[in-house]
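Welcome, and please take a moment to look over the structure below before reading on. A short guided walk follows it.

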Amino acid sequence: MRLDFAPDTTGIGRFYRLLTAVVVPRPIAWVSTVSAEGVDNLAPHSFFTVACVTPPIVQFTSVGRKDTLTNVEATGEFVVNLANQDNFAQVNATGTDFPPTTSEFDAVGLAREPSSKVKPFRVASSPAALECVLHSTVRLGDSTVVFGRVVHAAVAEEMFTDDLPGIELLRPLARLGRDEWGTVGEVLETTRIRHQDWPGHYRG
């Protein structure tokens, strides 16, 4: 037996909470920006993913009009910092609705690190950062999807296990439902089966 829900009868608030409890885990874009007035901003956004390979583009969603969106539209630049377990308290704290004149870096005690290609600072303690320039935005109802072209990636050397960063070293955080957060537990590894190798495939 299943319970059925419809957005128009469930209510948008409850349906939103249902969606975020079902679409899990969600990676976090810990986005740093700078305002037109020069104030550094840092905030977590849990609607985040890779949008394109060529060119490399990532996307995050601003639900409502937050300082991050205002800054990105004004300057055309942002940095996605990896939100990891070591920064758990600070990631959560930067979700506080500080006024635009307050820098979350200072409010929560995070060190800045200069970026290579864009003006917004990177989070010094984050193990990986994607420096982006604004590609485009798409307005969807009460939200805005921000697409950023990645112009530079910086990953701490100690995060690599061979030619790629290791998940057990990055230790990324994820958002779940309610006020829950997730960490990396058991990691499953397998290869994708090609059609020609599918069991019972006719090989002629």
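The paragraphs below go from the record's annotation to strands, a helix, one buried residue and two aromatic pairs. Please keep in mind that this is a predicted model.

Let us start with the annotation. An unreviewed UniProt entry lists residues 21–162 as "domain: Flavin reductase like". Over residues 21–162, the chain is 44% strand and 15% helix. The C-alpha atoms at the ends of this stretch are 35 Å apart.

Next come some of the strands. Strand β9 covers residues 128–140, and strand β10 covers residues 143–155. These two strands run antiparallel and are paired over twelve bridges. To find one of the partnerships, look for Val138, whose bridge partner in β10 is Val145. Between the two strands of this hairpin there are two residues, and Gly141 in the hairpin takes a positive phi near 60°. Strand β9 also pairs with strand β6 (residues 77–82), again in the antiparallel sense, through five bridges. Here you can pick out Phe78, whose bridge partner in β9 is Cys132. Keep Phe78 in mind, as we will come back to this residue.

Now turn to helix α3, which spans residues 67–75. Which residues of this helix are buried? They are Thr68, Leu69, Asn71 and Val72. Seen down the axis of α3, these buried residues fall within an arc of 165°, so they line one face of the helix. A general point about helices helps here: an α-helix has 3.6 residues a turn, so residues three or four places apart point the same way. What do the buried residues of α3 pack against? Their partners are the strands β2 (29–34), β3, β5 (57–63), β6, β9 and β10. Just after the helix, Gly76 takes a positive phi of about 75°.

One residue in strand β3 deserves a visit of its own. Asn41 sits in this strand, which covers residues 40–45. Is Asn41 buried or exposed? Its relative accessible area is 5%, which is under the 20% cut-off, so Asn41 counts as buried. The side chain of Asn41 makes a polar contact with the side chain of Thr68 at 3.3 Å, and Thr68 is one of the buried residues of α3. Another polar contact, at 3.2 Å, joins the side chain of Asn41 to that of Glu104. Beyond its neighbours within four places in sequence, Asn41 is in contact with several residues, among them Val31, Ser32, Asn71 and Phe105.

Finally, let us look at the aromatic rings. How many aromatic pairs are there? The count comes to two. In one pair, the rings of Phe60 and Phe78 have their centres 5.4 Å apart and their planes at 80°, so the pair is edge-to-face. Phe60 lies in strand β5 and Phe78 in strand β6, so this pair ties together parts that are 18 residues apart in sequence. Phe60 is buried, with a relative accessible area of 1%, and Phe78 is also buried, at 0%. The other pair is formed by Phe88 and Trp181, with ring centres 5.2 Å apart and planes at 70°, so this pair is edge-to-face as well. Distant parts of the chain are linked here: Phe88 is in helix α4 (residues 88–93) and Trp181 in strand β12 (residues 181–182), 93 residues apart. Phe88 is partly exposed, with a relative accessible area of 37%.

Note on methods: Residues are numbered from 1 along each chain as its sequence is written. Side-chain values use heavy atoms; hydrogens and water are left out. Two strands pair if DSSP finds at least two bridges between them. Helices (H or I, at least four residues) and strands (E, at least two) are DSSP runs, numbered from the N terminus. Buried means under 20% relative accessible area, exposed over 50%, partly exposed in between (1.4 Å probe, protein chains only). A polar contact is a pair of N or O atoms within 3.5 Å; within protein, one must be able to donate a hydrogen and the other to accept it, and residues adjacent in sequence count only if both atoms are side-chain atoms. Contact means heavy atoms within 4.5 Å. UniProt positions are given in the numbering used here, feature names are shortened, and annotations may be inferred rather than shown by experiment. The arc is that of the directions from the helix axis to the C-beta atoms. Rings of Phe, Tyr and Trp (its six-membered ring) pair if their centres lie within 6.5 Å; planes under 30 degrees apart count as stacked, over 60 as edge-to-face and the rest as tilted.
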